[in-house]
Structure formats: C-alpha cells, structure tokens
Amino acid sequence: MPDRGRQLVGPILSTGNRGAHRELLVEVFGLEQDVSLDIDADLVRALWGVDADRACAELYLTPGTQSGVLLVELDPSSSQTIRDRRRGDEHDALKVIDFYTTDFDAALDELAARGFSVRDSIADYEMVEGRFREAHLWTEDEVVYALLDGPADFMGRVVQVSDRPFSEVMSVSTPTRERDAAMRFYRDMLGFEDVYRYGFDDDSFGELVDGAGGMQLTAVNMGTTLQQPFFGLIHYGTRSDTAVSLADRAGFPDRGIAGALVEVPDLDACVDAAGDWPGSLLCPPVELNLGSFGRVRSAWLRAPHGIAHQLVQRI
C-alpha cells in the first residue's frame, strides 16, 4: 500500500476551454467534479507564479478513487500551447494522460460518436505480459489522452478501476532525456519508487508518436505502487538525442499539461529537500481549500527535467 497521504493525484491542465475537456472527462472517461474554485490574482501568483486577473480551477476525480485531473483556466489565457501535435517526439514536458479501457473497440466507437477522432495510427505491440494496443487522442490545448488495451489479468493489477468502460487516470507520461535526474528527484523529493519498467522496439508506436515509424522505447514508472497513478519516464531511443526539449516552457501560463498534482505527507520536508535542487522551489507554501482533500498547504516545485509539481498536504 502507498504511504498515507503520498500519491500522484493526476495532471494539471492549463486550458482556455474547460468545457472541451469536461465533456471528455465526465461524459466519456467517467470522472466527476469534486470542486470548482474561483481564484483571485494574488492567489494565482502565489500558487503558480504567473500573472493573471483570475483563474477558475476545477478538480475532477474518478469515483471511488483520488485519481483525477485539475483543470485550470487562466484569465486571460495564453495564446501559446506547450506542445504541437506535428512534433510528437518533443521531450521534457508532460505529454499523455493514460486510461485503460476494458473494450478498446467500443471506446473508439464512443469517441467517434461524440465527434472525437484518434490518430489514424494505432500502436499494436508485444510486451512480456502480452499484446497491447494504444490509441492517442489529441484534443484542445494540444493535450493528449491515450486509450490502452492490454491483458486483463495484468491490467487488473495496474489500475484500481477495471469494472467500468474506463479506468481512473492510470499514469501521465513524460518523454525526457533527463531520466536519471528525474528518478532521483522523485525518490529523494517525493519518496516515490521505481514500480515497473518496460521497453519495446516497434514501428507502430513510432507511427503513433510522430508518423516516422521505428522506435526503441524504454520506460521507468515512478510512483507509490503499480496500482496507484504513476509518472511514466519515457526515452524514445536514438530519437531522444535529437528531439527538441520543452523544459523551458513546460508549464503555466502556456496551455497544455502544465504540471502534476501530488499529495505528500510532509510538505515542509519537501521544501527543505528542494535546497538540494537549486531553482526547484518556484512558489513557497500557501493555503487553499481543495474539495474532498480539505484545507491544504500547497507549494509549486520544478523537477530537473522541467516538469512542475503542485505538492499539497492536508492540514
């Protein structure tokens, strides 16, 4: 079991259109709104270090779990996105929000019926556990949602929800060249562990990512247990040597997956540990109400691979 109060809750989306993501999260993936917050300019700056007149933040969770997505709409919103779907192999920014689906073909049909189109290329690859299929849905703000299909016995050990059309947010992937440094950050700062490793050499996955085919992917998943949401630290093989890094623009105010919401049992210990990672503490602790998490203290920190993390501790 994970440590009490230590978990990846899920990604933080910076969006100019909450409604587009809300339809997917609620109507398709089955999440429910936990809280909606109106945040004034002072608190926006204190939480995320950006200037805005105001923000609206909505937290969505999968029923029965504390896994979900935090939608943040800044006012005014940025005209720039973090990612560009034409360049799928760019590194050092959160990229894909992963959901396991119990009926892959039915899930694709459901998306199509609602007017959403996944990429034409669908990855079909073999791992030790069996055959996997993966489809990517690029959406508003260049946010990528993944639908995953895999052996039911294995996936039942990975996700908490396997009796509905979609699981909770299973993981958030991060292509990075700085994997060793990122792993140390997650271990030393957050107390996460290496919960699973995998790799494959597959043309269909390369086609899915950027249409170029051929990819020698390796990944290390960092979290508390395999059955809780985790970060997927991905290396795209030889492509990683030439891919563009997004580390200097991987968060607010630009639109996209701007960070990750992580619950920790001791925020002060994390802030103290930030001293070993110069420049990692972007915003010191402040307090806010966060729905079913109650009153929390929050700090905004950046890992060495450029990813920002909102660490919260219940008061």
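**Sheets, a packed helix and a pocket in a predicted model**

In strand β8, Tyr145 is the bridge partner of Leu137. This pair belongs to a predicted model, and the description below starts from the sheet around it.

Leu137 and Tyr145 form part of a wider pairing: strand β7, residues 130-138, and strand β8, residues 144-149, are joined by six bridges and run antiparallel. Helix α6, made up of residues 203-210, packs on the sheet and touches β6, β7, β10 and β11 (216-223). The direction of helix α6 makes about 140 degrees with that of β6.

The sheet as a whole is open and consists of eight strands, in the order β6-β7-β8-β5-β9-β12-β11-β10, with mixed pairing. Its edges are taken by β6 (123-127) and β10 (193-201); each of these has a single partner strand, so one side of each is left without a neighbour in the sheet. On average, and with direction ignored, neighbouring strands of this sheet are turned by 30 degrees against each other.

A further set of paired strands involves β1, β3 and β4. Strand β4 spans residues 68-75 and is mostly covered, with six of its eight residues buried. Strand β3, residues 54-61, runs antiparallel to β4 and is joined to it by eight bridges. Within this pairing, Glu58 has Leu71 in β4 as its bridge partner. The hairpin of β3 and β4 has six residues between the strands, and there Gly64 takes a positive phi near 85 degrees. On the pairing of β4 with β1, the two strands run parallel and are joined by three bridges; Ile12 stands opposite Leu70 in β4.

Strand β1 covers residues 7-14 and contains Gly10. The relative accessibility of Gly10 is 1%, so this residue counts as buried, the cut-off being under 20%. Leaving aside residues up to four places away in sequence, Gly10 touches Gly68, Ala260 and Leu261. As for its position relative to Leu148, the two residues lie 138 residues apart along the chain, and their C-alpha atoms are separated by 17 Å.

The last feature is a pocket. The second largest pocket holds about 210 Å³ of space. It is lined by 16 residues, of which Gly251, Phe252, Leu282, Trp300 and Arg302 are the closest to its centre. Sorted by class, the lining of this pocket has nine nonpolar, three polar and four charged residues.

Methods:
Residues are numbered from 1 along each chain as its sequence is written. This is a predicted model: local features need pLDDT of at least 70, side-chain atom pairs count only at pLDDT 80 or more; totals for chains, interfaces and linings use all residues. Side-chain values use heavy atoms; hydrogens and water are left out. Two strands pair if DSSP finds at least two bridges between them. Helices (H or I, at least four residues) and strands (E, at least two) are DSSP runs, numbered from the N terminus. Axes are lines fitted to C-alpha atoms, for helices over the stretch in contact, and angles run from 0 to 180 degrees between N-to-C directions. Contact means heavy atoms within 4.5 Å. On a 1 Å grid over the protein atoms alone, a cavity is a set of points where a 1.4 Å probe fits but cannot get out, and a pocket is an open set with protein on both sides within 12 Å along at least five of seven lines; lining residues have an atom within 4 Å of a point. Grid points are joined across faces, edges and corners, and a volume is the space filled by probe spheres set on the points. Ala, Val, Leu, Ile, Met, Phe, Trp, Tyr, Cys and Pro count as nonpolar, Asp, Glu, Lys and Arg as charged, and the others, Gly among them, as polar. Buried means under 20% relative accessible area, exposed over 50%, partly exposed in between (1.4 Å probe, protein chains only).
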